[in-house]
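Biologist: Hello! Could we take a close look at a single part of this model together?

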Amino acid sequence: MIAAALVAAALTLNTTPTDRPVDPSRGGVGRYLDSNVASVWRGSTHAERMVWLCIRNHESRHSGHYTAQNPTSSASGAGQWIRSTWSGLSYWVKVNGRFVARQYPEAHMAPAWVQDAAFRHVYARGGLSMWRGTGCPGT
């Protein structure tokens with residue numbers, strides 16, 4: 001019985017991110033603890049995903065990650081986007097050619113995969129300066 005439990009534990013440790021169940025609305029999936037949605041992350045690099053992991057750990061690790069809400073400002077979500085930044089950003093975020101963020105007035109209301117797509121939009125355009133002070137690469 002103990003041997004079976006050890007084998008099961010070893011198998012669990014050796015799974016790849018795509019072997020694990022994906023809940024794109026909550027995040028915390030796979031090696032990078034994000035939504036792990038292939039259509040969002042297609043073409044991304046390890047470095048890009050590590051930057052997002054670093055930012056999320058700095059900005060919202062202790063307050064709910066993707067559903068985090070700042071008690072003293074309008075900042076919310078995994079990246080702690082202020083409301084006006086999210087509003088402008090959400091107008092442009094696409095996945096598979098579809099605008100996916102426009103229906104969410106604040107970042108914390110958007111599922112993890114939409115926030116991941118928003119980060120990718122910012123990252124692709126060199127907009128990481130909003131996270132200056134996090135100590136994350138490129139900010």
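Is Y91 buried, partly exposed or exposed, and why does it count that way? Please tell me about its surroundings too.

Modeller: Happy to! This is a predicted model, where local features need pLDDT of at least 70, side-chain atom pairs count only at pLDDT 80 or more, and totals for chains, interfaces and linings use all residues. Residues are numbered from 1 along each chain as its sequence is written, and side-chain values use heavy atoms, leaving out hydrogens and water.

Y91 counts as partly exposed because its relative accessibility is 44%; buried means under 20% relative accessible area, exposed over 50%, and partly exposed in between (1.4 Å probe, protein chains only). Y91 lies in the loop between α4 (83-90) and β1 (94-95); helices (H or I, at least four residues) and strands (E, at least two) are DSSP runs, numbered from the N terminus.

S90, by contrast, sits in helix α4 and counts as buried, because its relative accessibility is 6%. Leaving aside residues up to four places away in sequence, S90 touches A101 and R102, where contact means heavy atoms within 4.5 Å.

Now for W86. With that same sequence exclusion of up to four places, W86 touches A101 as well, along with W81, Y104 and V114, among others. W86 is also one of the residues with the most contacts inside the largest nonpolar core, which has 27 residues. Such a core is a set of buried Ala, Val, Leu, Ile, Met, Phe, Trp, Tyr and Cys residues joined through side-chain atoms within 4.5 Å. α2 (38-41), α3 (46-60), α4 and α5 (112-124) each supply at least two of its residues, and the largest share, six residues, comes from α5.
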